[in-house]
Amino acid sequence: MVNCIEVKNLTKEYKGIKAVDDLTLEVREGEILGLLGPNGSGKTTTMNCILSLLKFQKGSITILGHEMRPNLYEVKREIGVVFQDVAVFDELTVYENIDYFCGLYVPEKEKRKAYIEKALELVGLEEYKKFYPKQLSGGLLRRLNIACGVAHQPKIIFLDEPTVAVDPQSRNRILEGIQTLRKEGATIIYTTHYMEEVEILCDRIIILDKGKVIAQGSTDELKKLAKIEEKISVEMESISDKHLSEIQSIKNVLECSFVNQVLVVSFLKGKNNLMKILEYLNDHKLKYENIYSERPTLNDVFLELTGKELRD
């Protein structure tokens, strides 16, 4: 596949601290790339450098075959950006907001009208054309924000946390819209903290930490990096520290915990792990309700690679 974005040896420093450290990555034409990382990992700085919103000390950035620079307007016309913070005009209606942002790229009135109608349909705002932003719910407002960023039908779209704090219906509509954009040929760079969205949407994932790429690949490829092979969860009212300690000592158990009335046991490898837990619970006459087994999730891999400590 052709690379539509190439970043080579990118370094961005703030007062001697490297926010991005000799970073190299590529975005392939037509893919949805998930760009993940904990707070402070360098995601936003990397995106702002790619978009020429920030100067950087070292490296090169090429978009659609051109070396990116602030005044490269012919390339910037092919890019759509939807930032996490909603940026629309309160004084304009839904239709007028989309018309304004689309008009920055599409001067022809009739062509722009068709683009606006398509953007409204994409995010499901056809019935809200005459509404003002203050009349919209949080989910509808985010959908308007997306429509404003993609109405000009760009080839490359940056979506930064587009579903944060929205209702399930709006989230579903946004995810469906993103899939539609990709089917129509757009290349999408997607950042989120919702791992289930990444598994649904993304063809490939890059995980950043401390300004570096620490892992990349498909969801299945990344899951193979997990230390654990199986995770068993047991719903139960209570369990003693003594029993937890004994379960921890079972062969191939990496760790076990009991939180919110759920016992979680992670196994490094081995067969019949579920049977081992069932035998222990029954032998010690421990009451439980539901019990189920699952393979490592993308969230498990993410925490293993970036750590479980809180980030500011």
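Buried here means under 20% relative accessible area, and that cut-off is worth keeping in mind while moving through this predicted model.

**Start at the cysteines**

Select C148 first: its relative accessible area is 7%, so it counts as buried. C148 takes part in no disulfide, and the nearest cysteine sulfur, which belongs to C102, lies 9.6 Å away. The count of disulfides comes to 0. Add C256 to the selection, and you have another buried cysteine, this time with a relative accessible area of 16%.

**Helices α3, α4 and α5**

Next, display residues 94–103, which form helix α3, together with residues 109–123, which form helix α4; their axes come within 10 Å and cross at roughly 125°. The two helices are therefore oblique to each other, and α3 passes α4 in a right-handed crossing. To see what makes up this contact, show the side chains of V94, Y95, I98, D99, C102 and G103 on α3, and those of R112, K113, Y115, I116, E117, A119 and L120 on α4. C102, whose sulfur was the reference point for C148, is thus among the α3 residues in this contact.

Keep α4 on screen and add helix α5, residues 138–150, whose axis comes within 9 Å of that of α4 and crosses it at roughly 145°. This crossing of α4 and α5 is right-handed. Here the residues to pick out are A119, L122 and V123 in α4, which meet R143, I146, A147 and V150 in α5.

**The sheet of six strands**

Now hide the helices and bring up the open sheet of 6 strands, which follow the order β6-β7-β8-β3-β9-β10 with mixed pairing. Strands β6 (79–82) and β10 (212–217) stand at the edges, and each has a single partner strand, so one side of each is left without a neighbour in the sheet. From one strand to the next, the twist averages 15°.

Within this sheet, select β8, residues 187–191: how many of its residues are buried? The strand is mostly covered, with 5 of its 5 residues buried. T187, I189 and T191 point one way from β8, whereas I188 and Y190 point the other way, and all are buried.

The partners of β8 can be added one after the other. Strand β3, residues 32–36, runs parallel to β8 and is joined to it by 3 bridges, and within this pairing L33 has I189 as its bridge partner. Strand β7, residues 156–160, also pairs with β8 in the parallel sense, over 5 bridges, and there the bridge partner of L159 is Y190.

To finish with this sheet, show helix α11, residues 298–306, which lies across β3, β9 (204–209) and β10 and runs at about 30° to β9.

**The sheet of four strands**

Move to the other open sheet, in which 4 strands stand in the order β12-β13-β11-β14 with antiparallel pairing. Its edge strands are β12 (253–259) and β14 (291–294), each of which pairs on one side only. Neighbouring strands are turned by 15° against each other on average, direction ignored.

For a detail of the pairing, zoom in on β11, residues 230–235, which pairs with β14 in the antiparallel sense over 4 bridges; within it, I232 has S293 of β14 as its bridge partner. Helix α9, residues 241–248, packs on the sheet and touches β12 and β13 (262–267), with its direction making about 155° with that of β12. Helix α10, residues 273–283, lies across β11, β13 and β14, and runs at about 30° to β11.

**Two backbone stops**

Most residues other than glycine have a negative phi, and the last two selections depart from that pattern. The first is S52, with a positive phi near 65°, in the loop between α1 (43–50) and β4 (58–63). Is S52 buried or exposed? With a relative accessible area of 14%, S52 is buried.

The other is L64, whose phi is also positive, near 50°, and which lies in the loop between β4 and β5 (66–67). L64 is partly exposed, with a relative accessible area of 32%.

Note on methods. Residues numbered from 1 in each chain as written. Predicted model: local features only at pLDDT ≥ 70, side-chain atom pairs only at ≥ 80, totals over all residues. Heavy atoms only, no water. Pairing = 2+ DSSP bridges. Axes fitted to C-alpha atoms, helices over the stretch in contact; angles between N-to-C directions. Contact = heavy atoms within 4.5 Å. Disulfide = S-S within 2.5 Å. Buried < 20%, exposed > 50% of the residue type's maximum accessible area, 1.4 Å probe, protein only. Parallel < 35°, antiparallel > 145°, perpendicular 65-115°, else oblique. Left-handed = near helix turned anticlockwise from the far one by under 90°.
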